[in-house]
Each structure stands twice: as C-alpha cells, then as structure tokens.
Amino acid sequence: MDSCIQRYKHGVKARRWYMYVFWHSLMIAAINSWLLYKRDCKLLGVRDKDIMIERKFFAMLATSLIEVDVNLADRRPNKRVRLQRKPVPDVSKDGMSRWPIKHEQRARCKNCKSNKTNTFCEKCKVFLCFTEGKNCFREFHV
C-alpha cells in the first residue's frame, strides 16, 4: 500500500498539517478502490490485458467524481454547444437526473448517428433521438 502511495506523491506544500492528512487519506481511498477493482476483475474472469492500469483507473475515477452531479444551469451559458466526447460510462448509466430537453440547434444522434435531432441530454451533453418510432435516449442510458 505504501509503495503505491509513494508513486503518486502529492506536491502540496502547506503549513497546515490537516492538508497532508486529507491528501493522504484521499490517495488511500483511491488505491483501495483500484485494488478492489482489480480483485473483482479477476473474480469475474476478465483478461489481464483488459484490466485498467492504475493511471487510467484514477483518471476515470476523477472524471466520474467530477461529472457525477453536473448541472448545466450552474455553468456559464455558451453560444455553441461542443459535444466532441462521449461521457464516462459510470455517469451516462447512473440513472440519475436524465431530462431530455429541446435544443434550438439540431445535431446528429450520438447513438444511431443517422438522424438529426434537437433532443438533448443536459447531463451527458449529447444529442439523442427521442420520438415515437425511435428512442435512442433510453438505449443510450440503459
């Protein structure tokens, strides 16, 4: 455990001792979660090459924690919505705060990539089809 923590030494230089305790406990929690992830992958029979390395796991963990309760109303309004990347699977399938909204722009559906739509998921920041005949919004989030 200590050898894992030494690899990711934080560069916080503070006179307040509780900052060191906070960062150290945060690193212990992240490393414990990675060890549990590795153990569970082995129990499920996941191949070694498909198991994420520490750095990638920590990056996914940080992204998931940042985007867990993102609300677009809190952000500054943007004239143009940039939707280049797909959200982290933990966030897109967490089952919380999924509200389709109608957007003034039209863009390609991220799920089927064939239709243009103006239905927008405000949490994942993606355009998805949501009609009687096609429900990409549900397919994307389940």
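Among contacts in the protein chain between residues at least 6 apart in sequence, 42% link residues that sit at least 24 apart. That figure, like everything below, comes from a predicted model. As for the chain itself, 29% of its 142 residues count as buried. Its accessible surface adds up to about 10800 Å², and carbon and sulfur atoms account for 55% of that area.

The secondary structure is easy to follow. There are 5 helices and 3 strands in the protein chain. Reading from the N terminus, the order is α-α-α-α-β-β-β-α. In other words, four helices come before the run of three strands, and one more helix follows the strands.

Next come the charged side chains. Side chains of opposite charge can pair when their charged atoms come close. Searching the whole structure turns up 2 salt bridges. One of them joins Arg-39 and Asp-40, with 3.4 Å from N to O. Both partners are in contact with the outside to some extent: Asp-40 has a relative accessible area of 35%, which makes Asp-40 partly exposed, and Arg-39 is also partly exposed, at 46%. The other bridge brings together the side chains of Arg-47 and Asp-50, and here the N to O distance is 3.0 Å. Asp-50 again falls in the partly exposed range, with 40% relative accessibility.

The aromatic rings make up the last part of the picture. The count of aromatic pairs comes to 4. Phe-22 and Trp-23 make one of these pairs, arranged edge-to-face, with the ring centres 5.3 Å apart and 70° between the planes. The edge-to-face label applies because planes over 60 degrees apart are classed that way. Neither ring of this pair belongs to a buried residue: Phe-22 is partly exposed at 43% relative accessible area, and Trp-23 is partly exposed at 29%. Phe-120 and Phe-127 form another pair, this one tilted, with 5.0 Å from centre to centre and an angle of 55° between the planes. Here both residues, Phe-120 and Phe-127, are buried. Finally, Tyr-37, Phe-57 and Phe-58 come together as one aromatic cluster.

Note on methods
Residues are numbered from 1 along each chain as its sequence is written. This is a predicted model: local features need pLDDT of at least 70, side-chain atom pairs count only at pLDDT 80 or more; totals for chains, interfaces and linings use all residues. Side-chain values use heavy atoms; hydrogens and water are left out. A salt bridge is a side-chain nitrogen of Lys or Arg within 4 Å of a carboxyl oxygen of Asp or Glu. Buried means under 20% relative accessible area, exposed over 50%, partly exposed in between (1.4 Å probe, protein chains only). Helices (H or I, at least four residues) and strands (E, at least two) are DSSP runs, numbered from the N terminus. Contact means heavy atoms within 4.5 Å. Accessible areas come from the Shrake-Rupley method with a 1.4 Å probe; for residues, only the protein chains shown count as cover. Rings of Phe, Tyr and Trp (its six-membered ring) pair if their centres lie within 6.5 Å; planes under 30 degrees apart count as stacked, over 60 as edge-to-face and the rest as tilted.
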